[in-house]
Amino acid sequence: MFLLFGETVKVKVINEGAFDCPICKSQQTYINIQEKNYFTLMFIPTFPTSVHAEYWLCRNCKNTFDPNYLEQPAYFSALQMIYAYLINQYGYSLCSTKAKQLYLEITSFEWQQEAMKSALVNIGNWDTLVKRLKQHKVTIDYSGRCKIIAGVIQLIFSMEKDFYESRVQINMLGSYLEVDSVFIDQVIRNYQ
Ligand SMILES: [Zn+2]
């Protein structure tokens, strides 16, 4: 007999309550969700190995929030971090207006000048970005992470028509955010 080991994610509702959702602009119910990695034996989850993610999900708009920062959905800040990095990469005059426009399209909120300035001040290098994203992604559900990657591809594509070089960057960000490569390929195909 041989044994099959693996890992799976189990989602658990910890509790729920009421909060003022900045997107719904009204009081809504949130569900506190915890995703845990489980060690599996013969496909059966046996014991938890680590916490994969923990966030509040608004029952109404389905956005996820960092319980310590309820002013905006968690994916907003991650998108700002990566956009700031790309603005720095392509140059402020070339890239900032487009980044602002896309940010508005994706989130339906304006990326205020002050917030952009502070994101630009705090960019750091690629390693800093990755480290901050890894810390941040535990408060973002899968659909939020897909929105980030799609937004990143859109901005890069508007900057360079042949983004062969940037493909590596996109794939790396996708893998840090644990977004399926099939999804990434599909989004890219839309622009080619
Ligand atoms: Zn909401």
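This is a guided tour of a predicted model, moving from the whole chain to its sheet, its domain contact and one pair of helices.

**Whole chain**

Begin with everything shown as a cartoon, coloured from the N terminus on, and the elements will appear in the order β-β-β-β-α-α-α-α-α-α-α, that is, 7 helices and 4 strands. Turned along its principal axes, the C-alpha trace spans about 60 × 45 × 30 Å. The radius of gyration is 18 Å, which agrees with the value near 16 Å that a compact globule of 192 residues would have.

**The sheet**

Next select the strands, beginning with strand 1 (5-21) and strand 2 (residues 26-41). The 4 strands form an open sheet in the order 1-2-3-4, and their pairing is antiparallel. Strand 1 and strand 4 stand at the edges, and because each has a single partner strand, one side of each is left without a neighbour in the sheet. Strands of a sheet pair through backbone hydrogen bonds, either parallel or antiparallel. To follow one pairing in detail, keep strand 1 and strand 2 on screen, where 16 bridges join the two antiparallel strands; as a single example, pick Val9 and look across to Asn37 in strand 2, which is its bridge partner.

**Two domains**

Now colour residues 5-65 as domain 1 and residues 74-191 as domain 2, following the domain assignment of the protein. The C-alpha centres of the two domains lie 24 Å apart, and the contact between them takes 6 residues from domain 1 and 6 residues from domain 2. Which elements give two or more residues to the side of domain 1 that touches domain 2? They are strand 3 (44-58) and strand 4 (64-65), and the largest share, 4 residues, comes from strand 3. By class, this side of domain 1 has 4 nonpolar, 1 polar and 1 charged residues.

**Helix 5 against helix 7**

Finally, select residues 142-159, helix 5, together with residues 181-191, helix 7, whose axes come within 10 Å and cross at roughly 30°. The crossing of helix 5 and helix 7 is right-handed. With side chains displayed, the residues that make the contact can be picked out as Cys146, Ile149, Ala150, Ile153 and Phe157 of helix 5, and Phe183, Ile184, Val187, Ile188 and Tyr191 of helix 7. Colouring them by class shows 10 nonpolar residues in the contact of helix 5 with helix 7, with no polar and no charged residues.

Methods:
Residues are numbered from 1 along each chain as its sequence is written. This is a predicted model: local features need pLDDT of at least 70, side-chain atom pairs count only at pLDDT 80 or more; totals for chains, interfaces and linings use all residues. Domain bounds come from an automatic or database domain assignment. Two residues are in contact if their C-beta atoms, placed from the backbone, lie within 7 Å. Ala, Val, Leu, Ile, Met, Phe, Trp, Tyr, Cys and Pro count as nonpolar, Asp, Glu, Lys and Arg as charged, and the others, Gly among them, as polar. Axes are lines fitted to C-alpha atoms, for helices over the stretch in contact, and angles run from 0 to 180 degrees between N-to-C directions. A crossing is left-handed if the near helix is turned anticlockwise from the far one by less than a right angle, and right-handed if clockwise. Two strands pair if DSSP finds at least two bridges between them. The radius of gyration is taken over C-alpha atoms; the globule rule is 2.2 Å times the number of residues to the power 0.38.
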